[in-house]
Amino acid sequence: ESKSKAAAMFAALATENDVQVLAGKAGAIAPLVDLLHKGSDEGKMFAAAAIAQLSHNSGNRATVGRTDGISALIELLQKGSEEGKTKAAEAISALSMNSENRSVVVKAGGIHALIELLSEGSDQGKSEAAGALGVIAENEDNQTEVAREGGIPLLIKLLGSHSEESKTHAVSALSNLLLNDENKILVGQARGIQPLVQLLDKGSEQNKSLAASALCALSSVDANKTAMAKAGGIQPLI
């Protein structure tokens, strides 16, 4: 219980870069990874939350990558409590900003586990899963894998969320997936254009910008141009 409380404290305090650096230098990561393996459900959740915060620092990301923390996070993502899965996805998102960690996540089955959370998780879990998939999809091979695992229709569905953050994560992930030409066809076939047009019309300023970029990428496919016109997507772009 004391270890869980310590992890909770780290999660609360490590929102500032100075604290992240100090915690990393003080050796906080190894006991957090150990808690991921051996803790209670609550302890694992707090450990994942703390690692998520600490991993906003590039040095800490690399340190976690040199442990077996990523495999423990994937296991939590697969078998943890709802809150544990959500925090695991958040941690994987931050860790995957490191390209070597991203490869480890993919090899450990992270894409499939994240798409399971995107499909079946809580609202916050779906949002964090989309965020992590967006980072992972910065890699060309992963863009194909996310599509193969069924991620595209789930991300399109998330565009209809009431949460602006969830919409941001979804449209950001789709934007990275649209760097792949085959995915441009798949998004059109999955009826992704209409919700992107709606986001362009009524979303936050950030989401309007992201939706515009996604629609621009989709417009390189002739069938998508027709669908954009029918959905009223031309006028907002002018």
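**Two pockets and three helix pairs**

In this predicted model, the second largest pocket is lined by H56, E90, S93, A94, M97, E128, G131, V135, E165 and H169. Three helices, α7 (82-95), α10 and α13, each give two or more residues to that lining. Sorted by class, the lining of the second largest pocket comes out as three nonpolar, four polar and three charged residues. The space inside the second largest pocket is about 190 Å³.

The largest pocket has a volume of about 250 Å³. It is lined by 14 residues, and those closest to its centre are D123, K126, K157, L158 and S161. Four helices each bring at least two residues to the lining of the largest pocket: α9 (110-120), α10 (123-136), α12 (151-158) and α13 (164-177). Among these, α10 gives the most, with four residues. The class split for the lining of the largest pocket is three nonpolar, seven polar and four charged residues. Helices α10 and α13 turn up again here, since each supplies at least two residues to the largest pocket and two or more to the second largest.

From the pockets, the description moves on to how the helices pack. Helix α4 (residues 41-54) sits against α7, with the two axes 8 Å apart and an angle of about 25° between them. An angle under 35 degrees counts as roughly parallel, and that is why α4 and α7 are described as roughly parallel. The crossing of α4 past α7 is left-handed. On the α4 side, the contact is made by M45, A48, A49, I51, A52 and Q53, and on the α7 side by E83, G84, K87, A88, E90, A91, A94 and L95. Nine of the residues in the contact of α4 with α7 are nonpolar, two are polar and three are charged. Two of the α7 residues in this contact, E90 and A94, also help line the second largest pocket.

Helix α13, already met at both pockets, packs against helix α16 (residues 205-218) at an angle of about 25°, and the axes lie 9 Å apart. The pair α13 and α16 is therefore roughly parallel as well, and α13 passes α16 in a left-handed crossing. Here E164, K167, T168, V171, S172 and S175 of α13 meet Q206, N207, L210, A211 and A214 of α16. The contact of α13 with α16 holds four nonpolar, five polar and two charged residues.

Helix α16 also packs with helix α15 (residues 193-202), this time at an angle of about 145° with the axes 8 Å apart. The crossing of α15 past α16 is left-handed too. From α15, the residues I193, L196, V197, L199, L200, D201 and K202 meet N207, K208, A211, A212, A214, L215 and L218 of α16. By class, the contact of α15 with α16 divides into 10 nonpolar residues, one polar and three charged. Residues N207, A211 and A214 of α16 take part in both contacts, meeting α13 as well as α15.

Conventions: Residues numbered from 1 in each chain as written. Predicted model: local features only at pLDDT ≥ 70, side-chain atom pairs only at ≥ 80, totals over all residues. Heavy atoms only, no water. 1 Å grid on protein atoms, 1.4 Å probe; cavity = no way out; pocket = protein on both sides within 12 Å on 5 of 7 lines; lining within 4 Å. Points joined across faces, edges and corners; volume = space filled by probe spheres on them. Nonpolar A, V, L, I, M, F, W, Y, C, P; charged D, E, K, R; others polar. Axes fitted to C-alpha atoms, helices over the stretch in contact; angles between N-to-C directions. Parallel < 35°, antiparallel > 145°, perpendicular 65-115°, else oblique. Left-handed = near helix turned anticlockwise from the far one by under 90°. Contact = heavy atoms within 4.5 Å.
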